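Trainee: Got a minute to go through this one with me? I'd like to start with confidence and then move on to strands and cysteines.

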Amino acid sequence: MAVVTMTEYGALPAVQITAADGANITVSLFGAHLLSWKTADGTERLFVSSQTPLDGSKAIRGGVPVIFPQFNVRGPGLRHGFARVSQWRVSDSGGDGGHAYVELQLNQQDLAAEHAAAWPHAFELTLRYTLQGDALDARFTVHNSGTAEFPFGVALHTYYDVGQLAATSISGLQGQSYTDHHLQTSTQDTPALHFDQKHDRLYQSTPALTLNTASRTLHLEQQGFDNWVVWNPGQADAAALTDLADEEYLRFICIEPARIDQQLLAAGSSWTGTHRISCAS
């Protein structure tokens, strides 16, 4: 049976889900932020900065920040949106011998007054994380519960613990753009991507990628999103980030399923994106 435990991560209220095989995840109610994913062998698969505040004073650096209703500054509101700095509710949890899950929700009534005033739309976000064997599934649903359409962008800004950035590569990417976001489309796969400096690019959505590190291989799949975003700050930008230790950029890579451009969601309609991470080793 799955075990569900309310706990704390730093000073943040959190929920921990443990599957029958010992795999577990820890999710903060602040931001519905996935902070830890350990597979049954005890290996931590996510990176969280040692310097990030864990008291709700600002967004968390690491894990899986939830981006909504805009990606970065692609919209008129708060950079990367308010979802990652809002208090979510646990709406469901449980499982059986084969899987364990937790579901969290957020709507306009949960928002701080400043965020509700800045984005005056009726909505409901539902984020479900499911553990099943050496795999983690995320299902992110945006529902427009109001009477008028609204624009939104989304991403699951996943930080992977890769141990050694220099030994890391990604295969399966297709088409790319630099930070000016002028997309260079291509029907050809790009060569395996390696890292020796800052990397901040978006790629076309493809069904699957492979993340290789010195000690492990992860398979990444997505549906419903439009892009993959790949990011590492590099040495200079990492040094300028107060919530990241100077050398920590060598330990992670961010690969996020995303819809970076805001698109309209009609009244009464829903959008769902899924992301699956599975371990090959």
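**Confidence first**

Mentor: Sure. This is a predicted model, with a mean pLDDT of 93 for the protein chain, and 94% of its residues reach 70 or more.

Trainee: Where does pLDDT stay under 50?

Mentor: Over residues 178-187. The model has 21 contacts beyond four places in sequence for that stretch.

Trainee: OK, on to strands. What is the strand order in the open sheet of four strands?

Mentor: The order is 1-2-3-4, and the pairing is antiparallel.

Trainee: And which strands stand at the edges?

Mentor: Strand 1, residues 3-9, and strand 4, residues 33-38. Each has a single partner strand, so one side of each has no neighbour in the sheet.

Trainee: How many degrees does the twist average from one strand to the next?

Mentor: The average is 20 degrees.

Trainee: Let's go inside that sheet. How many bridges join strand 2 to strand 3?

Mentor: Five, with strand 2 covering residues 12-18 and strand 3 covering residues 24-28. The two run antiparallel. For a landmark, look at Ile 17, which stands opposite Ile 25 in strand 3.

Trainee: Now further along the chain. Which strands pair with strand 17?

Mentor: Strand 12, residues 169-171, pairs with strand 17, residues 208-212, in the antiparallel sense over three bridges. Strand 18, residues 217-223, also pairs with strand 17 in the antiparallel sense, over five bridges.

Trainee: What joins strand 17 to strand 18?

Mentor: A hairpin, through four residues.

Trainee: Any residue I can use to find my way across those strands?

Mentor: Try Leu 211 in strand 17, the bridge partner of Ile 170. Leu 211 also stands opposite Leu 218 in strand 18.

Trainee: Changing topic to cysteines: how many disulfides does the count come to?

Mentor: Zero, with a cut-off of 2.5 Å between cysteine sulfur atoms. Cys 254 is in no disulfide, and the nearest cysteine sulfur to it, that of Cys 279, is 17 Å away. Going the other way, Cys 279 is in no disulfide either, and its nearest cysteine sulfur is that of Cys 254.

Trainee: Is Cys 254 buried or exposed?

Mentor: Cys 254 counts as buried because its relative accessibility is 0%.

Trainee: And Cys 279, buried or exposed?

Mentor: Cys 279 counts as buried at 17% relative accessibility, because the cut-off for buried is under 20%.

Note on methods: Residues numbered from 1 in each chain as written. Predicted model: local features only at pLDDT ≥ 70, side-chain atom pairs only at ≥ 80, totals over all residues. Heavy atoms only, no water. Buried < 20%, exposed > 50% of the residue type's maximum accessible area, 1.4 Å probe, protein only. pLDDT = per-residue confidence, 0-100. Contact = heavy atoms within 4.5 Å. Pairing = 2+ DSSP bridges. Axes fitted to C-alpha atoms, helices over the stretch in contact; angles between N-to-C directions.
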